[in-house]
Amino acid sequence: MELSDDRKTVLLVDDDSDFLFQQRLQLETAGFHVLSAANTSEASRLLDQQRPDLAVVDVMMENPDAGFTLCYHIRKRDPSIPVILVTSVNSETGMEFATATDQERSWIKADALLAKPVRFEQLRREIDRLLKA
Amino acid sequence: METLRVLVTDDEMGMRLGVLRTLRGFTVRLPDVNEEVGFTVEQAESGEQALEMIAAAPPDILLLDHKMPGISGLEVLDHIARTPTEMLTIMITAYASIETAVTATKRGAYDFLAKPFTPDEVKAAIRKAAHRIVLGKQARKLAEENRQVRFQFIRVLGHELKAPLNAVEGYLRMLQDRALGDAVGAYDETIRRSIARLQGMHKLIADLLDLTHIESGQRRRDLREIDARQPAQAVLETLRAEAESQQVSLELHAAEPVPLIADRSDIEMILSNLVSNAVKYNRPGGRVDVTLSKKDGKTSIVVADTGIGMTEEEAGKLFGEFVRIRNEKTAGILGSGLGLSIVRKLALLYGGEVRVESRPNAGSTFTVLLDAPIAQDPPSTTTISPGAES
């Protein structure tokens with residue numbers, strides 16, 4: 001993996017260690033610098049130390065809505081950091097969230113919402129889109 | 001106290017008032033279902049009026065005169081039968097006519113009272129109906145609760161089975177996409193993790209089968225006098241390799257034979273769940289001590305570890321199904337969340353109990369006290385159904 005100074009930093013937050021491991025390896029292979037955290041407090045500690053260019057946050061961690069809370073805190077700290085929320089709510093409950101329009105997205109307070117299981121290409125596409133914006 | 005609504009339908013006012021007076025302040029105590037029932041009485045002077053009132057709000061019990069001007073009691077029964085309700089009908093017949101009673105019963109009446117009747121006869125009929133209604137209500141409530149517990153179990157089970165599948169699928173896709181390049185060696189860790197998740201799933205399914213097996217009551221136990229030290233030694237032998245790889249020492253303390261009547265495989269299952277937990281939730285250099293003894297005729301199995309321990313709140317939740325304590329210390333440890341539930345259910349089969357004492361970062365001590373094997377109920381085939389009279 002070549003190192004370059006313009007590597008973007010992605011913060012990954014998920015209590016599923018397999019998801020963290022998989023996305024981290026693939027993001028690193030794709031040339032990103034990755035910070036990972038298994039819960040909200042670890043994520044907050046990392047955020048105290050450095051500013052990621054983007055965050056990927058699981059919704060259900062230590063609490064069913066831990067991801068929403070963390071997302072809110074990231075926004076408050078630095079509104080310029082795009083946040084992608086990842087959730088298995090859809091596949092577990094059959095609920096669908098409409099996120100096609102800005103208005104539909106406004107309530108989640110995130111820039112994108114991905115349903116688990118997340119394919120890496122999907123995540124990569126969203127990351128590229130948000131970092132370009 | 002529950003209050004049941006009674007509707008008296010009779011064209012004779014004296015009859016209606018008689019019932020009203022009899023049931024005023026009357027209560028029925030139902031010790032078998034721990035319930036006391038009182039009554040409110042409403043009146044209808046014709047079949048037509050009764051049908052209107054039933055349509056508006058069906059009472060719990062309908063006292064229905066057979067012979068009335070206008071539509072008869074039997075016709076009222078026919079109308080009622082078209083829209084099923086939980087209401088019970090007691091038919092009032094003019095004289096002890098078996099024929100009328102049989103016809104009424106065929107058309108859905110629950111019971112009948114022959115005129116002239118005494119207040120005690122009314123009370124007896126009402127008591128019988130009230131008992132039946134309250135039993136039915138409780139049976140329905142229980143059935144609904146069981147249904148909810150079953151749903152909850154299936155929901156959590158679905159989640160627990162899907163999580164490892166998602167993980168393994170993710171690893172295979174990485175391989176498929178050559179996400180880490182073309183060298184096979186780069187995938188060693190992904191393969192190791194996949195296998196760990198599959199093994200976890202194996203354990204979950206094995207535990208689930210154990211649990212179902214225990215709960216079904218269909219299992220034939222091979223009860224005989226055994227020395228608890230034998231299953232304990234076998235379990236420690238099996239888990240020793242795992243313990244060594246975690247740098248945890250295992251020791252059995254039982255100087256004397258520990259005789260008890262049991263199925264050896266039950267004792268092995270209890271010990272293997274407790275000891276494997278004690279190893280898993282331990283720390284390098286830690287230890288697990290298994291102590292077997294007899295106390296007041298009971299068999300005591302104590303499994304003490306020097307592991308990560310847990311708070312009192314966490315310990316309180318521990319014996320439920322699929323409960324796994326999730327915190328930073330347990331993050332990397334796999335488990336089905338069924339092991340302790342199995343231990344508790346097995347202990348109950350021996351009139352026993354399971355206790356836990358724990359301190360965070362110091363360790364946990366699980367104590368199982370076993371008495372004598374309890375005869376297991378045969379698989380339950382009798383259910384209280386609201387439609388059948390017991």
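Helices here are DSSP runs of H or I with at least four residues, strands are E runs of at least two, and both are numbered from the N terminus. With that in hand, welcome to the tour; keep in mind that this is a predicted model.

**Stop 1: chain A as a whole**

Select chain A and colour by secondary structure. You should find six helices and five strands. Following the chain from its start, the pattern reads β-α-β-α-β-α-β-α-α-β-α. Chain A has 133 residues, and 38% of them are buried. Among the contacts in chain A with a separation of 6 or more, 65% join residues 24 or more positions apart.

**Stop 2: helix 1 of chain A**

Now select residues 17-29 of chain A, which form helix 1. This helix has 13 residues, and the distance from its first C-alpha to its last is 18 Å, close to the 18 Å expected at 1.5 Å a residue. Show the side chains of D18(A), F19(A), F21(A), Q22(A), Q23(A), L25(A), Q26(A) and L27(A): these are the buried residues of the helix.

What do the buried residues of helix 1 of chain A pack against? Within chain A, the partners are strand 1 (9-13), strand 2 (33-37) and helix 6 (120-132). From chain B, helix 5 (119-176) and helix 6 (188-216) join in. Before moving on, click on G31(A), just after helix 1 of chain A, where phi is positive at about 95°.

**Stop 3: where the two chains meet**

Keep helix 1 of chain A highlighted and bring chain B into view. Here 13 residues of chain A are in contact with 14 residues of chain B. Helix 1 gives the most to the chain A side, with seven residues. By class, that side of chain A has five nonpolar, four polar and four charged residues.

**Stop 4: a side trip to D78(A)**

Jump to D78(A), in the loop between helix 3 (66-77) and strand 4 (83-87) of chain A. Is D78(A) buried or exposed? D78(A) counts as exposed, because there are 12 C-beta neighbours inside 10 Å, and a residue with 12 or fewer falls in that class. Add R51(A) to the selection: this residue is 27 residues from D78(A) along the chain, and their C-alpha atoms are separated by 8.6 Å.

**Stop 5: the six-stranded sheet of chain B**

Turn to chain B and pick out strands 1 to 6. These six strands form an open sheet in the order 2-3-1-4-5-6, with mixed pairing. At the edges are strand 2 (27-30) and strand 6 (111-114), each pairing on one side only. Neighbouring strands of this sheet are turned by 25° against each other on average, direction ignored.

Zoom in on strand 1 (residues 2-9) and strand 4 (residues 61-65) of chain B, a parallel pair with four bridges. L7(B) has L62(B), in strand 4 of chain B, as its bridge partner. Next, add helix 1 (residues 13-23) of chain B, which packs on the sheet and touches strand 1, strand 3 (35-44) and strand 4 of chain B. The direction of this helix makes about 160° with that of strand 3 of chain B. Helix 4 (residues 98-106) of chain B lies across strand 5 (88-93) and strand 6, running at about 160° to strand 5 of chain B.

**Stop 6: the five-stranded sheet of chain B**

Move on to the open sheet of five strands in chain B, ordered 8-10-11-13-12 and also mixed in pairing. Strand 8 (249-253) and strand 12 (353-359) are at the edges; each has a single partner strand, so one side of each is left without a neighbour in the sheet. The twist averages 15° from one strand to the next.

Strand 8 and strand 10 of chain B pair in the parallel sense over five bridges, and V288(B) in strand 10 is the bridge partner of L250(B). Helix 7 of chain B lies across these two strands, at about 170° to strand 8. Helix 10 of chain B packs on the sheet too, touching strand 12 and strand 13, with its direction at about 140° to that of strand 12.

**Last stop: the nonpolar cores**

Which residues touch the most other members of the largest nonpolar core? Select I270(B), V275(B), V288(B), V303(B) and V343(B), out of 37 residues in this core. Helix 8 of chain B gives the most to the core, with eight residues. Another core lies apart from it, with 34 residues, among them V8(B), F39(B), L64(B) and A125(B).

How values were computed: Residues numbered from 1 in each chain as written. Chains lettered and ligands numbered in written order. Predicted model: local features only at pLDDT ≥ 70, side-chain atom pairs only at ≥ 80, totals over all residues. Contact = placed C-beta atoms within 7 Å. Nonpolar A, V, L, I, M, F, W, Y, C, P; charged D, E, K, R; others polar. Buried ≥ 20, exposed ≤ 12 C-beta atoms within 10 Å, placed from the backbone. Expected span 1.5 Å × (residues − 1). Core = buried A, V, L, I, M, F, W, Y, C linked by C-beta atoms within 7 Å. Pairing = 2+ DSSP bridges. Axes fitted to C-alpha atoms, helices over the stretch in contact; angles between N-to-C directions.
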